[in-house]
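Let's take a walk through this structure, from the overall picture down to individual bonds and torsions. Keep the viewer open as you read.

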Amino acid sequence: MKTSWRSASLVASAAAVLALTTACGQDSPPAASQNVGATAAPGDYGNIGSGTAGAGGTASSPAAVPSASSPSNPAGKLSVSTADEIGKVVTDSLGLTLYRFDQDTEQPPKSNCDGDCAKTWPPVPADDAEAGEGIDKALLGSVTRADGTKQLTVGGWPAYRYAKDVNAGDVKGQGVGGKWYALAPDGKKAQEGGAGAAGGGGAEAQAGLSTREDPKLGEIVVDKNGMTVYRFKKDEAWPKPVSNCSGECLKKWPLVEPVDFADTKGIQEKGYMIFDRTDGKGKQQTINCSPIYTFAGDKAPGDTNGQGVGGTWFAVRPDGKLVGSSEK
């Protein structure tokens, strides 16, 4: 993998939100959120065959294993393997890599992958899972899924296999959709250049929202995964934020969920706030009071395929202004 996706920690800061929301005409601040970064529309879990295919683990001749797509495959004794580029990952008794999903929650543990999603990403049963070498038993747990079955959790995160991983040591699910990542032994995401990777000694986590210098667009805002952030010209910012992108629109332009300002770098503080959407999709982050989104057509960090789409979607400057377009 040539690019990196790094996790970022979130620090609750209700007082800061209060100071910022009043600038956009709100009488009181919305509740702080624990979710960071972009959220895909329901069912947007990635397609088999997409994502970054990684090299195998430490085994010199990976052996074929029973299909990962079978939900009845037991986890058995978990262990730690080292995958090229991303470092240490948790594997099951068959050597299959275990993954976590950004749209799940850790506290409390909750799986948001059901139906077709669970066919592509089979949940790992919790019943017979046990800690092997390199695994802290205290980090293992379980969560009850919607169908009543028990799913393994690692560090609070529900664990999955990837249906396209067919050999011990495969990590083909790493980075799929910018939301699926191999599980590190501590329950965090395994990342390129992570501790234990060849030649790697750990890397600084990327902020929930930050900026990068694009060769064509200049300085633009990106999320914690390095994905370009956009604005919709049909939205409203004053006197309070209003999103006019819903339904099918949100499938193409996933909203950016709340990111604490303490977890940003290079972003303007004035007008940095969250607001409650009116379509039941929860809370959304703004920059300078304007709702922000990512684009489903961007497949990798650095992509800017959403720039100028329909004459209404544009990348965002650190001060919240549109890139390459007027505000009108």
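What follows starts with the whole chain and then moves to cores, disulfides and backbone details.

First, a word on confidence: this is a predicted model. The mean pLDDT of the protein is 79, with 74% of its residues at 70 or more. Over residues 1–22, though, the pLDDT is below 50, and the model gives this stretch 57 contacts beyond near neighbours in sequence. Residues 193–204 also stay under 50, and there the model has 21 contacts beyond four places in sequence.

Now zoom out. The protein has three helices and 19 strands. Half the chain is tucked away, in the sense that 50% of the 328 residues count as buried. The accessible surface comes to about 14,500 Å², and carbon and sulfur atoms own 50% of that. If you take contacts between residues at least 6 apart in sequence, 70% of them join residues at least 24 apart.

Next, the nonpolar interior. The largest nonpolar core has 15 residues, and the members touching the most other members are Ile86, Tyr99, Cys113, Trp121, Tyr160, Trp180 and Ala182. Strand 4 (99–101) and strand 11 (180–182) each supply at least two residues of this core. There is also a second, separate core of 14 residues, with Ile220, Tyr230, Cys249 and Tyr293 among them.

Cysteines turned up in both of those lists, Cys113 in one and Cys249 in the other, and that brings us to the disulfides. How many disulfides does a search of the whole structure find? The search finds two. In general terms, a disulfide is a covalent bond between the sulfur atoms of two cysteines. One of them joins Cys113 to Cys117, with an S to S distance of 2.0 Å. Both Cys113 and Cys117 are buried. The link has -110° about the S-S bond and is left-handed. The other disulfide joins Cys245 to Cys249, S to S 1.9 Å. The torsion about the S-S bond here is -110° as well, again a left-handed link. Why does Cys245 count as buried? Its relative accessible area is 0%, and the cut-off for buried is under 20%.

Some of the second core's residues show up again around Ser210 and Gly306. Ser210 lies in strand 12 (residues 209–214). It counts as buried because its relative accessible area is 7%. Leaving aside neighbours within four places in sequence, Ser210 is in contact with Ile220, Val221, Val222, Lys265 and Ile267; recall that Ile220 belongs to the second core.

Gly306 sits in the loop between strand 18 and strand 19 (313–315). Is Gly306 buried or exposed? With a relative accessible area of 0%, Gly306 is buried. Not counting residues up to four places away in sequence, Gly306 touches Tyr230, Trp253, Phe295, Asp298 and Trp313. Tyr230 is another member of the second core. You can also check a C-alpha to C-alpha distance: Gly306 and Arg231 are 9.8 Å apart in space, with their positions 75 residues apart in sequence.

Let's look at a sheet. Three strands form an open, antiparallel sheet in the order 16-17-18. Strand 16 (274–276) and strand 18 (290–291) are its edges, each pairing on one side only. Strand 17 (residues 283–287) is joined to strand 18 by two bridges, and Thr286 has Pro291 of strand 18 as its bridge partner.

The loop between strand 17 and strand 18 deserves a stop for its torsions. Most residues other than glycine have a negative phi, and most peptide bonds are trans. Asn288, in this loop, has a positive phi near 55°. Cys289 is found in the loop between strand 17 and strand 18 too, and its phi is positive, near 70°. Cys289 is buried, with a relative accessible area of 0%.

Finally, two cis peptide bonds. The bond from Gln107 to Pro108 is cis, with omega near -5°, and Pro108 has its place in the loop between strand 5 (105–106) and strand 6 (109–110). The bond from Trp238 to Pro239 is cis as well, with omega near 0°. Pro239 lies in the loop between strand 14 (230–232) and helix 3 (248–252).

Notes:
Residues numbered from 1 in each chain as written. Predicted model: local features only at pLDDT ≥ 70, side-chain atom pairs only at ≥ 80, totals over all residues. Heavy atoms only, no water. Pairing = 2+ DSSP bridges. Helix = DSSP H or I, 4+ residues; strand = E, 2+ residues; numbered from the N terminus. Buried < 20%, exposed > 50% of the residue type's maximum accessible area, 1.4 Å probe, protein only. Contact = heavy atoms within 4.5 Å. Areas by Shrake-Rupley, 256 points an atom, 1.4 Å probe, with all protein chains shown as cover. Core = buried A, V, L, I, M, F, W, Y, C linked by side-chain atoms within 4.5 Å. pLDDT = per-residue confidence, 0-100. Disulfide = S-S within 2.5 Å.
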